[in-house]
Structure formats: structure tokens, C-alpha cells
Amino acid sequence: MDQHNNKNSIDEIDQHIIEALQMDGRRPFTKIAADLGISEASVRQRVANLINTQVMQIVAITNPIKLGFSLASMIGIRVSGERLLEAAQEISTFDEVIYLIICTGSFDLLAEVVCRDNDHLLSFLTQKLYKVQGVQQAETFMYLRVCKQNDWAFLSQAQVSPSSPHMQHDPRLDK
């Protein structure tokens with residue numbers, strides 16, 4: 001799937017269904033149908049289509065703070081060019097990393113990381129990240145306050161098909 005050029009056609013009803021499920025992913029289809037003045041079967045069919053065409057997914061999103069991870073940061077990482085994909089693959093396996101992208105600009109990778117406390121972050125940096133072959137430099141940006149967070153997930157929480165055979169492949173996305 002080309003994530004930049006593949007525009008799925010959704011109508012106003014689909015958009016209202018998506019918005020309702022963003023507010024509460026467990027909202028009964030009967031209530032959504034009643035709000036929209038359509039049948040439950042129509043809502044069920046539309047939701048199935050939205051999921052099958054990868055317009056949306058319904059997932060449980062955890063609150064890291066409630067799970068004991070009160071420290072969040074974004075880490076910009078510079079990697080030697082010949083090791084970029086291998087380093088990204090290895091870093092993506094670390095439990096602390098909840099979001100990882102290969103990007104352009106001053107950094108080769110951006111990793112969103114959650115840790116229990118400063119000691120956990122220090123351990124992550126020294127015992128995991130800095131030991132990845134090819135990692136040349138990392139700059140940590142500590143989150144002091146989240147000023148805006150959308151109610152909907154973007155790429156950080158959506159499963160997207162990798163564009164490289166070196167990255168982990170999810171066969172569920174081949175539909």
C-alpha cells in the first residue's frame with residue numbers, strides 16, 4: 001500500500017462513524033445507527049469496510065502513566081548510512097520505543113520513548129540505544145507538557161506497510 005497516494009473514498013456517514021468510534025471504540029453499532037438514522041447492519045458493513053480498506057483500525061490504547069511509565073521523550077538519532085535500516089529494525093524491538101520513524105533532516109531516526117523514571121531512561125540510553133551498531137549520536141527531548149494531542153491516531157498508532165524488505169512485514173496488510 002502506498003501510504004501517500006492511496007486515498008480511500010469515504011463519505012459523510014463513514015466520517016461520522018469514524019468520529020463516533022474515536023470517541024468510544026466500544027460504542028454499540030445500534031447507538032451509532034440511531035444517531036445517524038441508518039440501520040445497524042449498514043453501520044456494521046461500513047465499519048467492516050473501513051477496517052478492511054485500512055482506513056481505520058480499532059485498538060486499545062494504553063495510558064503509559066497508568067502503567068508506571070511517567071517519563072516520555074522524543075529522541076533524535078543519527079545513524080551511519082550503511083546501517084540505517086538494520087539500526088532501525090533493532091531499535092524498533094526495544095520495549096521502551098513506542099514510535100519510530102526514518103526521516104529526513106538533522107536526524108535519521110526519531111524515536112518516541114516511555115520510561116518509568118530518569119534511571120530507566122539512562123539505562124535505556126546506555127544499555128540499549130548506544131549499543132546499537134551504527135548509532136552515532138542521539139539527542140533526547142524530554143516532554144514537559146503535552147499541549148495538544150488529537151483524539152485520533154495518525155501514523156504513530158496505525159499499522160502501516162513497510163516500504164523496505166529489511167523492516168518487519170505484517171502480512172495482514174496485504175489484503
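Q: How many helices and strands are there in the protein?
A: Start by counting the elements, and keep in mind that this model is predicted. The protein has 5 helices and 4 strands.

Q: What pattern do they follow along the sequence?
A: Reading from one end of the sequence to the other, you meet α-α-α-β-α-β-β-α-β.

Q: How many of the residues count as buried, and what supplies the exposed surface?
A: The protein has 175 residues, and 28% of them count as buried. About 11900 Å² is exposed, with carbon and sulfur atoms supplying 50% of that area.

Q: What do the contacts say about residues at least 24 apart in sequence?
A: Take the contacts between residues at least 6 apart in sequence: 65% of these join residues at least 24 apart.

Q: Which residues have the most contacts inside the largest nonpolar core?
A: A good way in is to find the core and then ask who supplies it. The largest nonpolar core here has 21 residues, and Ile75, Ile77, Ile91, Phe124 and Leu129 have the most contacts inside it. Strand 1, helix 4, strand 3 (109-115), helix 5 (118-128) and strand 4 (135-142) each contribute at least two residues to this core. Apart from it there is another core of 11 residues, including Ile17, Ile18, Ala20 and Ile32.

Q: Which residues does Ile91 touch?
A: Here we set aside residues up to four places away in sequence. Ile91 then touches Ile77, Val97, Leu100, Leu109, Leu129, Val132 and Val135.

Q: How many salt bridges does the structure hold?
A: For charged side chains, look for partners of opposite charge. The structure holds 5 salt bridges. In one of them, Arg46 meets Asp11 at 2.9 Å, N to O. Arg46 belongs to helix 3 (residues 40-52), while Asp11 sits in the segment before helix 1 (12-23), so this pair links distant parts of the chain, 35 residues apart.

Q: Which other residue meets Arg46 in a salt bridge?
A: That partner is Asp14, at 2.8 Å, N to O. Because Asp14 lies in helix 1 and Arg46 in helix 3, the pair ties together parts that are 32 residues apart in sequence.

Q: Are Asp11 and Asp14 buried or partly exposed?
A: Compare each relative accessibility with the cut-off: under 20% counts as buried. Asp14 has 7%, so Asp14 counts as buried. Asp11 has 35% and counts as partly exposed.

Q: Where do Asp35 and Arg27 fit in?
A: Their side chains meet in a salt bridge of 2.1 Å, N to O. Asp35 is exposed, with a relative accessible area of 55%, and Arg27 counts as partly exposed at 26%. As for shared partners, salt bridges join Asp11, Asp14 and Arg46 into one network.

Q: What is the nearest side chain of opposite charge to Arg83, and how far away is it?
A: A charged residue need not have a salt bridge, and Arg83 shows this: Arg83 is buried yet has none. Its nearest side chain of opposite charge, Glu90, is 4.5 Å away. A salt bridge needs the nitrogen and oxygen within 4 Å, so a distance of 4.5 Å does not qualify. Arg83 lies in the loop between strand 1 (71-79) and helix 4 (84-92). Leaving aside neighbours within four places in sequence, Arg83 is in contact with Glu90, Gln133 and Gly134.

Q: How far apart are Gln136 and Val79 in sequence and in space?
A: Sequence distance and spatial distance are separate readings. Gln136 and Val79 are 57 residues apart in sequence and 5.3 Å apart in space, C-alpha to C-alpha. Gln136 is in strand 4 and is exposed, with a relative accessible area of 56%. Beyond its neighbours within four places in sequence, Gln136 is in contact with Arg78, Val79 and Ser80.

Q: How many disulfides does a search of the whole structure find?
A: The search finds 0 disulfides. As for the cysteines Cys103 and Cys115, Cys103 is partly exposed at 23%, whereas Cys115 counts as buried at 1%.

Q: What is phi of Gln54, and where does Gln54 lie?
A: Backbone angles are worth a look too. Phi of Gln54 is near 65 degrees, a positive value in a residue other than glycine. Gln54 lies in the loop between helix 3 and strand 1 and counts as partly exposed, at 21% relative accessibility.

Definitions and conventions. Residues numbered from 1 in each chain as written. Predicted model: local features only at pLDDT ≥ 70, side-chain atom pairs only at ≥ 80, totals over all residues. Heavy atoms only, no water. Buried < 20%, exposed > 50% of the residue type's maximum accessible area, 1.4 Å probe, protein only. Lys, Arg positive; Asp, Glu negative; His and termini not counted. Contact = heavy atoms within 4.5 Å. Areas by Shrake-Rupley, 256 points an atom, 1.4 Å probe, with all protein chains shown as cover. Core = buried A, V, L, I, M, F, W, Y, C linked by side-chain atoms within 4.5 Å. Disulfide = S-S within 2.5 Å.
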